[in-house]
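Here is a short set of exercises to work through with the model open in your viewer. Try each task yourself before you read the solution.

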Amino acid sequence: MIQNNYFLTNEDLREHFYELIDWNEIVPIYENNFSDSKLYESTQNPKLEMAPTNPDEAISYYEEILKSCGEISGMYVSQVASVVDAKGLKFENGDVVHPQEMVDVIQMYHDAGLGPAAFKRKYGGLGVPSIIKAMIAELMYRSDSSITIAVGSMGLAAILEVCASEEMKNEWIPKLISGNYTVTMGLSEPDFGSDLPNITTKAIQKDDGWYLTGTKRFQTVACGVNGGPGITLTLARTGSLESGARGLSFFIVENKNYVIQGIEKKLGIKASATCETVFENSKGYLVGKEGFGLVKYVMGMLNGARLSVSSQGTGIVTAAYEEALKYAKERYQFGKPIYEIPAVKKLLVRMERELAGMRCLMVEAAYSVDKYYWYEDGREVTAEENKTAKFWEKVANTLTPISKYYNSEMCNDLVYDGLQVLGGAGYTEDYDLSRLYRDARITNIYDGTTQIQVNAAIGGITSGMTQTGTFRAYLDHLAKGSESNQSLTEIRSVFESIVETYKSIPDQNTKESFSFEVVESAARLVVGLLLERSKNKSKSRKEIRTKWCKEFHVDSLGILTANHIKLKSA
């Protein structure tokens, strides 16, 4: 793979950081009047030593983190990715063995402090907003998915900051960070994947605590890394089977207390251990309140995971585009680089344009979380601040599944085109496109398939398009500054017609079968608005962004028009 600093050489990502993101909106909210630095002055707590004291310090702090991540990802991880993929994993006597090259670069990430990016500083984390977490994930996923999953899995435990008791937070989060734990979502079972309300893993309370019995499937890095520590955040039944979702609770179970039955042989992410785990009277620690496992805690954890997949899609496509572009400029046929052949150039131009849209959506989804999440941090807020937070919470609940669905589907689509640029060479293992192509395929499957994401988003879109609805208000917010754009006006009009046509379908099963067309149309409209806004804000790349917008809107109008025709046929 291309070897360089993946942050410093990514012009589009850098423009987002330095020009397009309004840090004056995010930093004051996230840093809470720089409370961490003030606390450091009074306590000298070493965990708070790097806390910024003003907006400029905060931005510089975030910048240094991205530079460090870009350096490790681009200079080191990228160079062992193909080796790690080729070696894969071994399963010997109940133990999972990872390639040493993988172990070495994972340690580099941890040594740089990038493992606990998701946690607050007071627990030993980096203490960065969701936008920076999204960018970190993109940089890491560009270099390799298997390695990034092992490091980034720790971020799943950020849900503990929301739902665990203070005692549990102070005990477990610093331990996870200092011990370089892996963290797993203990949800799916052999007979229940998305149908979580019916899972059968049982938790029984005894005098000295809780004990779990059952089997979980598709448990990513539940084994830890080569004997290292790990936990599974496990959904288990504490109520009767008839109690459904309300009978499920949330537990921490350490990997020393369960057995790895085996690992899956997969199409891609071959060095990421996907385990089947068996709990046999395994010691567990209840997180939060009994009965809130699925309805509150797991959904919060899944939303964080889905944002990560949005970044994964963006990172993989960035790798595929850069590798394909490099090949196209170096590969000569008919006396010229194949980049100059119109059919080949068309593929690359579309990849670049659609990737720009993916990154806009990735950043916006993270931004929507930053706009509300920290108002729930126990701080006092005004009535107006509370109103704003509630608005962005509703937006985030719709944008999160949209960004996961859209960026994962586009990832598969665009990596396909990247491989096509290389032709027969791309189909061989001599080039990284074949690995990227295999790794891309999981993105629209795990952490909720595209169909699950569509189901999660459709309600927020359709109910939100009433005259006083949140999604309508959000679209109006995005459109500010682009009101005179005729292409966007036409696309918005078609989208409004799509929603009304969808609502008018009388048969519920028929309506559900057309949910994808509505969500796809909403996604194209949102991304188009975001691209237009980025063009309006851009100082250094306005010309290329203008070109992207024009071509993107043409494609979107075609997609939405076709979707409207389909809906009318129903």
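**Exercise 1.** Is Tyr437 buried, partly exposed or exposed?

*Solution.* Keep in mind that this is a predicted model. Step one is to take the relative accessible area of Tyr437, which is 37%. Step two is to place that value between the cut-offs: buried means under 20% and exposed means over 50%. Tyr437 is therefore partly exposed.

**Exercise 2.** Classify the ring pair Phe7 and Phe17, then find where its members sit in the chain and how accessible they are.

*Solution.* Start with the count: there are 21 aromatic pairs in total. Phe7 and Phe17 form one that is edge-to-face, with 6.0 Å from centre to centre and 90° between the planes. An angle over 60 degrees is what earns that label. Next, locate the partners: Phe7 belongs to the segment before helix H1 (11–20), while Phe17 is in helix H1, and 10 residues separate them. Finally, check the accessibility: Phe7 is buried at 0%, and Phe17 is buried at 1%.

**Exercise 3.** Now do likewise for Tyr416 and Tyr437.

*Solution.* The ring centres are 6.4 Å apart and the planes meet at 45°, so this pair is tilted. Tyr416 comes from helix H12 (residues 383–422) and Tyr437 from helix H13 (residues 433–440), so the pair ties together parts 21 residues apart in sequence. For accessibility, Tyr416 has 47% and counts as partly exposed; Tyr437, as found in the opening exercise, is partly exposed too, at 37%.

**Exercise 4.** Which residues do ring pairs link into a cluster with Phe7 and Phe17?

*Solution.* Follow the ring pairs outward from these two, and you collect Tyr18, Trp23, Tyr61 and Tyr62.

**Exercise 5.** Zoom out and decide whether the radius of gyration of the protein chain agrees with that of a compact globule.

*Solution.* First, get the expected value: for 570 residues, a compact globule would have a radius near 25 Å. Then compare: the protein chain has 23 Å, which agrees. The C-alpha atoms fill a box of roughly 70 × 55 × 55 Å along the principal axes. To round off the picture, 57% of the residues count as buried. Among contacts with a separation of 6 or more, 78% involve residues 24 or more positions apart. In secondary structure, the chain has 19 helices and 11 strands.

**Exercise 6.** How far apart are the mean positions of the positive and negative charges?

*Solution.* Average the places of the 62 positive charges, then those of the 73 negative ones; the two mean positions are 3 Å apart.

Technical notes
Residues numbered from 1 in each chain as written. Predicted model: local features only at pLDDT ≥ 70, side-chain atom pairs only at ≥ 80, totals over all residues. Heavy atoms only, no water. Helix = DSSP H or I, 4+ residues; strand = E, 2+ residues; numbered from the N terminus. Rg over C-alpha atoms; globule rule 2.2 N^0.38 Å. Buried < 20%, exposed > 50% of the residue type's maximum accessible area, 1.4 Å probe, protein only. Contact = heavy atoms within 4.5 Å. Lys, Arg positive; Asp, Glu negative; His and termini not counted. Charge placed at Lys NZ, Arg CZ, Asp CG, Glu CD. Phe/Tyr/Trp six-rings, centres within 6.5 Å; stacked < 30°, edge-to-face > 60°.
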